[in-house]
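Biologist: Please take a close look at the aromatic side chains in this model. I would like the geometry and the cut-offs together.

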Amino acid sequence: MNHLLSTRDLSVDEIVQLLELADHMAEINSRAVPKVPALRGKTIASVFFEDSTRTRLSFETAAKRLSAEVMTFSASTSSVNKGESLRDTIETLTAMGVHAFVVRHKSSGVPKQVTQWTNAAVVNAGDGWHQHPTQAMLDAYTITRNFGDKESMAGRTIAIVGDIKHSRVARSNVDVFTRMGATVVLVAPDALLPSSIEGWNVTTASSIDEVVGHVDVLYMLRMQRERMDESLVISMKEYTDLYALTQDRAARLAPHALLMHPGPINRGVEMQVDPSEVPGSRILQQVANGISVRMAVLFSLLGGEISPAITLGGDA
Ligand code: CP
């Protein structure tokens, strides 16, 4: 693997291997000193042109736990504000000796474009509506490790609820979940579904009440207003009436069912129950797993042929 731009870059076997590598990383993260020398001498630049809490901090933490140097770029405090282009920014950082770029941008396709301007590895940390591959990987990790079937999601039903249309998380997750064998139901008003879902291998439902009692995973999404250039066709009241998770609906989840959300949560909008009061909530576990999964991705890109068993064994 030279880059991770899309979940489609990975076969199911490669996804399973990455999740197994994440198990090694989770063991490291459980140690008193969660640090190994695996990527000593490597420099990883996190280059975010769009806001982030979870993705940026978990990539930076993942890099540090593997002993890489971390270079943090923030567009709002950079020479981009003096007119420097994206290309010049990437070439400048490459000249400083970067081995991998972690890139987030509001426009689809920017991480792929970055690969044309550097010899370093590039990881897509979210590009427009297009893809968020490490979110899908950490979500697959969370689901398979909770249900104990590490190689497949066969037989599981996962409902993804909310603003599917503007969601890169939905696109990445549908691809990974369906290829790993899950049945995926998209729950959204027509106005918040993509214009075509041909080839997605999913079904749809028009209210959360149709699915809440039957699913193994209820995956809630935020309304992504920053990506909407049209007014909503339905009112916020209609949206929350049909698609929000209320206390009553949460009580109808099956005892084994998981509640997930990529974050950030909009409390009082899609989440009208305190998730800490839902026994099946794995929302903070998703965040913790994100570090292990991103360690696995960075190690796979930069660790070369070095055996994980040797490189990951000792303290830094
Ligand atoms: N899930 C996610 O991408 O969160 P951030 O926007 O905080 O990185």
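Modeller: Here are the aromatic pairs and their burial, then one charge over a ring. The model is predicted: local features need pLDDT of at least 70, side-chain atom pairs count only at pLDDT 80 or more, and totals for chains, interfaces and linings use all residues. Residues are numbered from 1 along each chain as its sequence is written, and side-chain values use heavy atoms, with hydrogens and water left out.

Rings of Phe, Tyr and Trp (its six-membered ring) pair if their centres lie within 6.5 Å; planes under 30 degrees apart count as stacked, over 60 as edge-to-face and the rest as tilted. The count is three aromatic pairs. One of them joins phenylalanine 177 and tyrosine 219: the centres are 6.5 Å apart and the planes stand at 65 degrees, so this pair is edge-to-face. The partners sit 42 residues apart, phenylalanine 177 in helix H6 (residues 168–179) and tyrosine 219 in strand S8 (residues 217–220). Helices (H or I, at least four residues) and strands (E, at least two) are DSSP runs, numbered from the N terminus.

Phenylalanine 177 is buried, at 0% relative accessibility. Tyrosine 219 is buried too, at 1%. Buried means under 20% relative accessible area, exposed over 50%, partly exposed in between (1.4 Å probe, protein chains only).

Tyrosine 239 and tyrosine 243 make a tilted pair, with 5.5 Å between centres and 35 degrees between planes. Both belong to helix H7 (residues 236–243); they are four residues apart, so about one helical turn separates them. Tyrosine 239 and tyrosine 243 are both buried.

Finally, the charge. Arginine 156 lies over the face of phenylalanine 147, 4.0 Å from the ring centre. The rule: NZ of Lys or CZ of Arg within 6 Å of the ring centre and within 35 degrees of the ring normal.
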